[in-house]
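Visitor: I am new to this structure and would like to be guided through it with a few questions. Could we begin by looking at it together?

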Amino acid sequence: MTAFVGRRHELALLEAALEHACQGRPRIVVVDGPPGIGKSSLTRRFLDRGRFPDRFPDSGRAACPLRASGDAAESTLEYGVLTQLMPQARPVTYERGPLAAGSALLDHLGSLQDGAGAVVMVVDDAHWADAPSLAALTFALRRLRADRVLAVVVVEHPGDARLPEGLRRLLADDSTLRLKLRGLTTSEVRDLAGRRNGLRLSAVTAERLRVHTQGSPLHIGALLEEVAPEALENAHSPLPAPRSYISLVQTRLGRCGQAARDLVQAACVLGLSSTLATAVELSQVPAPLPALEEAVGAGLLEEIPGPARTIAFPHPLLRAAVYQRLGAAQRARLHAGAAVLETDRAVSLRHRGAAAAGPDEEIARELELLAAGEARAGRWNSAAGHLFAAVPLTAVTAPRERRACTAVEYQLLGGNVTQAKGLAETLESMERTPLRQYVLGRIALATGRRESAQRLLVQAWQEGRPDLGRRAAEQLAWLCLAQSQGAQTVEWARRAIALGPSPGPHDLPSPGPRDFPADGPHGLRDVLALGHGISGRFAEGLDLVAGTPGEGADGRPELLDGLVARGVLRLWTDDLDGARRDLGAAASARSGLVHLGPMATTYLAEAEYRSGRWEEALARSEQAVSLAADSGQRWLLCLAHTVAAYPLAGRGDWQAATAHADAAARWARELGEPGNVACAALARATIQHARGNHRDVVASLTPLLNAERGDGVDEPGVVRWREPLVEALVRTGALAEARALLDEYEAVAELRDRSSALASAARLRGLLAAEEGRRAEAEASFDTALIHLKRIDQPLEEARVRLEYGAFLRRGGARRLAAGHLGAAHDILDRLGAAPYLVRCRQELAACGSGTTGTPRTDPLGLTPQEYAVAGLAASGLTNRQVARDLVLSVKTVEYHLGHVFTKLGITSRVQLARRLA
């Protein structure tokens with residue numbers, strides 16, 4: 001085993017982090033530094049120092065180690081790293097996307113904690129891991145709350161562009177411990193030389209070696225092996241440059257016998273690791289064990305304990321050094337032999353491609369067919385890898401460029417935006433074709449360059465064949481929806497439908513009408529229905545999705561096509577129960593709706609808020625923000641933060657609400673689009689309205705009057721910004737402006753027959769009439785508002801109507817009638833925990849001579865929003881694992897919250913819990 005020196009401070013920090021994890025306080029540690037600095041050696045040393053039996057002397061349980069490593073040669077192998085962490089996972093775990101896989105990893109970590117004191121999960125060389133594994137890992141790491149888990153992520157740099165944005169943010173978070181490894185000190189260099197080579201270096205020589213290698217253990221070890229001790233001590237004898245590492249490795253290899261050399265060279269063609277049996281068969285070494293012993297003694301290979309005798313290179317740079325110095329003929333021969341031995345068709349084809357002396361259309365075509373199969377299964381990154389391997393094997397320019405463009409599109413479908421963006425310049429150098437324009441348009445769309453995206457996608461639609469035109473039209477439909485362009489959304493969706501189903505390999509089967517085939521991550525049914533909705537044609541939109549099953553879909557995305565749109569449209573049309581059913585079914589991270597799932601969760605949070613289920617709204621809105629970030633749905637983040645601000649403002653949690661409003665404003669500035677601008681303004685205004693700062697409400701919302709708002713922004717029930725603005729204008733004395741704006745709003749509400757909007761308009765009409773001294777009209781308006789509210793169940797709006805009505809009656813001397821409405825408002829607001837509104841309600845009741853005792857309750861049972869969400873599901877009969885899956889938490893976190901709930905409520909069973917919550 002390679003000598004290990006130094007790193008005492010880093011090991012102590014890892015020990016401390018493990019101690020935190022053992023106490024149910026999960027920790028994330030990022031270990032970073034340049035290649036060869038000893039990152040992997042540090043984590044191996046940490047794991048080798050224990051199964052940590054002393055951590056749990058009473059139970060005898062030890063820490064459970066999980067280890068996985070990225071590999072540059074396997075970076076396109078879907079879930080390759082995650083499979084190392086969960087070798088027993090079922091294929092369906094991965095078929096439903098990274099969020100489902102991340103949820104399964106949470107379950108796996110939870111089950112391991114049942115049999116161990118803590119879990120130590122190390123992901124080495126994460127910058128070479130496949131994108132789906134990294135997305136799933138990010139998803140799981142963000143949801144560790146009360147788990148006994150220590151996660152160690154090893155990278156070259158935590159800001160590496162090869163890492164997904166969400167993981168980069170997580171690694172840069174203040175709560176993450178960063179261990180940035182630097183070179184060895186002079187004394188550590190001396191220690192290494194003594195332990196590794198038995199050399200006693202002088203302090204001067206050790207310092208010379210440290211400066212020359214910048215303290216890199218890898219390069220120091222190589223020089224200690226290759227340079228004679230007298231040359232090391234001779235200050236006038238030049239040392240080989242660290243960049244000559246390949247030569248040093250070759251020198252070490254050259255000192256081995258032929259059998260050991262053959263074994264090492266065969267192993268380097270097979271990858272970073274392989275079974276000894278495969279390497280022996282490929283190398284045809286007659287006496288493998290002596291050859292292996294010699295290679296291990298030279299530091300070229302190491303044995304990995306386990307049932308299958310596995311050999312591996314100690315460092316990726318070492319394997320690369322051996323591979324790069326293989327002759328062309330020898331490399332081709334070894335790859336050809338590996339292709340015959342390999343049972344996996346994909347790996348065998350890669351070896352055949354590497355063995356080819358030049359372009360080989362037969363192999364390229366096989367790789368393309370393999371890529372098509374992977375794409376049909378939704379394994380986009382694997383499909384992209386196969387096509388990229390086929391590109392250099394393709395002699396003819398047109399098919400070569402077509403394969404390259406399709407590979408980039410697969411990367412985009414797999415969420416690998418960073419790598420796809422890096423290839424944009426390469427695509428631009430190719431001949432202009434409709435496919436090239438389409439893929440460049442998708443890159444522009446994914447990176448927020450909407451104008452470029454529209455121009456390029458329109459060109460692809462105009463110039464391409466029907467199947468490509470259909471894909472371009474669908475992307476344009478979603479682009480128009482994001483820009484709040486209802487008519488254009490419908491038009492592009494219908495153009496896509498008119499072009500028929502695409503025969504492309506990335507289509508998913510749909511059991512619905514042939515007019516609505518699902519394509520990639522989104523469905524035309526959803527975008528068309530939502531386009532109708534923001535255009536005010538809600539009935540047409542609902543008709544399109546009326547037949548969506550909802551129940552019994554079992555998480556299958558093809559059966560959930562249209563479910564999100566129906567849930568959103570039901571939300572906008574006051575069918576809150578239906579909206580919660582549809583959106584709840586679609587919101588699960590395990591549903592397979594990788595892209596629409598976060599959208600469903602966001603609108604589910606709003607449905608819970610409007611229904612008066614504020615605890616659930618708080619939990620769901622935080623979940624929505626997290627899911628949108630984890631899945632790369634940047635377009636959704638402004639709305640998610642806005643929805644999160646609603647219940648927080650209603651509760652008077654100004655700091656948390658303002659943080660979400662500020663985040664919404666940042667995303668609105670970055671994303672643009674009228675809908676985002678309106679949402680961010682509404683988030684700020686909602687907080688100021690709850691605080692009673694009506695002039696600030698006017699300042700926040702008035703700019704929308706003269707701004708481009710887009711379709712849907714003015715629709716009642718979609719973005720409800722006109723209501724607080726009218727109220728603020730009335731309260732600040734701008735009555736003429738308030739009346740004009742209210743007339744417009746009320747007219748649309750009557751046209752749509754929207755009960756919630758009509759109730760709000762009647763309440764505002766009552767406020768305006770009261771301010772202008774028209775008492776009879778004011779009283780009639782408040783009564784009308786209550787009549788409209790009988791058709792729906794929106795507690796906060798009812799409380800506002802009764803509060804305003806009661807205040808109006810009190811000022812007119814009708815204290816008894818006023819107290820009735822104020823008492824009803826008080827009960828609703830107290831149940832919601834709407835502290836700012838309760839203060840005013842109590843003041844009005846006191847003025848009526850009907851004061852209430854106590855103070856506003858922000859939490860009747862003393863539970864946090866997350867505890868309420870967990871307790872509610874547990875009381876409904878779900879197991880801890882089912883609760884964890886529904887809320888996308890770990891089982892340990894659910895157990896943690898339930899423990900706190902039982903303690904706070906003084907109960908010991910779920911039966912008692914159900915009674916208390918009732």
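**Salt bridges and a helix pair**

Guide: Arg403 and Glu368 are both buried, and this is a statement about a predicted model.

Visitor: How far apart are the closest N and O atoms of Arg403 and Glu368?

Guide: Arg403 lies in helix 21 (residues 397–413) and Glu368 in helix 19 (residues 361–376), so the pair ties together parts that are 35 residues apart in sequence. A salt bridge asks for a side-chain nitrogen of Lys or Arg within 4 Å of a carboxyl oxygen of Asp or Glu, and for Arg403 and Glu368 the closest N and O atoms are separated by 3.1 Å.

Visitor: Is Glu715, the salt-bridge partner of Arg752, buried or partly exposed?

Guide: The side chains of Arg752 and Glu715 meet in a salt bridge with an N to O distance of 2.7 Å. This pair links distant parts of the chain, 37 residues apart, with Arg752 in helix 39 (residues 735–752) and Glu715 in the loop between helix 37 (694–701) and helix 38 (722–731). Arg752 has a relative accessible area of 23% and is therefore partly exposed. Since buried means under 20% relative accessible area, Glu715, at 9%, counts as buried.

Visitor: What is the relative accessible area of Arg791, which forms a salt bridge with Asp753?

Guide: The closest N and O atoms of Asp753 and Arg791 are 3.6 Å apart. Asp753 sits in the loop between helix 39 and helix 40 (755–771), and Arg791 in the loop between helix 41 (775–789) and helix 42 (795–811), so their salt bridge ties together parts 38 residues apart in sequence. Asp753 counts as partly exposed at 46% relative accessibility, and Arg791 is also partly exposed, with a relative accessible area of 49%.

Visitor: Which residues are joined into one network by salt bridges that share partners?

Guide: The count of salt bridges comes to 52. Where salt bridges share partners, one network joins Glu727, Arg731, Arg763, Glu797, Glu804 and Arg840.

Visitor: How is helix 47 oriented with respect to helix 48?

Guide: The axes of helix 47 (residues 891–905) and helix 48 (residues 910–917) come within 11 Å and cross at roughly 65°. Because angles of 65 to 115 degrees count as roughly perpendicular, helix 47 is, with respect to helix 48, roughly perpendicular.

Visitor: Which residues of helix 48 are met by helix 47?

Guide: The crossing of the two helices, 47 and 48, is left-handed. From helix 47, Leu898, Val901, Phe902 and Leu905 take part, and in helix 48 they meet Arg910, Leu913 and Arg916.

Notes: Residues are numbered from 1 along each chain as its sequence is written. This is a predicted model: local features need pLDDT of at least 70, side-chain atom pairs count only at pLDDT 80 or more; totals for chains, interfaces and linings use all residues. Side-chain values use heavy atoms; hydrogens and water are left out. Axes are lines fitted to C-alpha atoms, for helices over the stretch in contact, and angles run from 0 to 180 degrees between N-to-C directions. Helices (H or I, at least four residues) and strands (E, at least two) are DSSP runs, numbered from the N terminus. Angles under 35 degrees count as roughly parallel, over 145 as roughly antiparallel, 65 to 115 as roughly perpendicular and the rest as oblique. A crossing is left-handed if the near helix is turned anticlockwise from the far one by less than a right angle, and right-handed if clockwise. Contact means heavy atoms within 4.5 Å. Buried means under 20% relative accessible area, exposed over 50%, partly exposed in between (1.4 Å probe, protein chains only).
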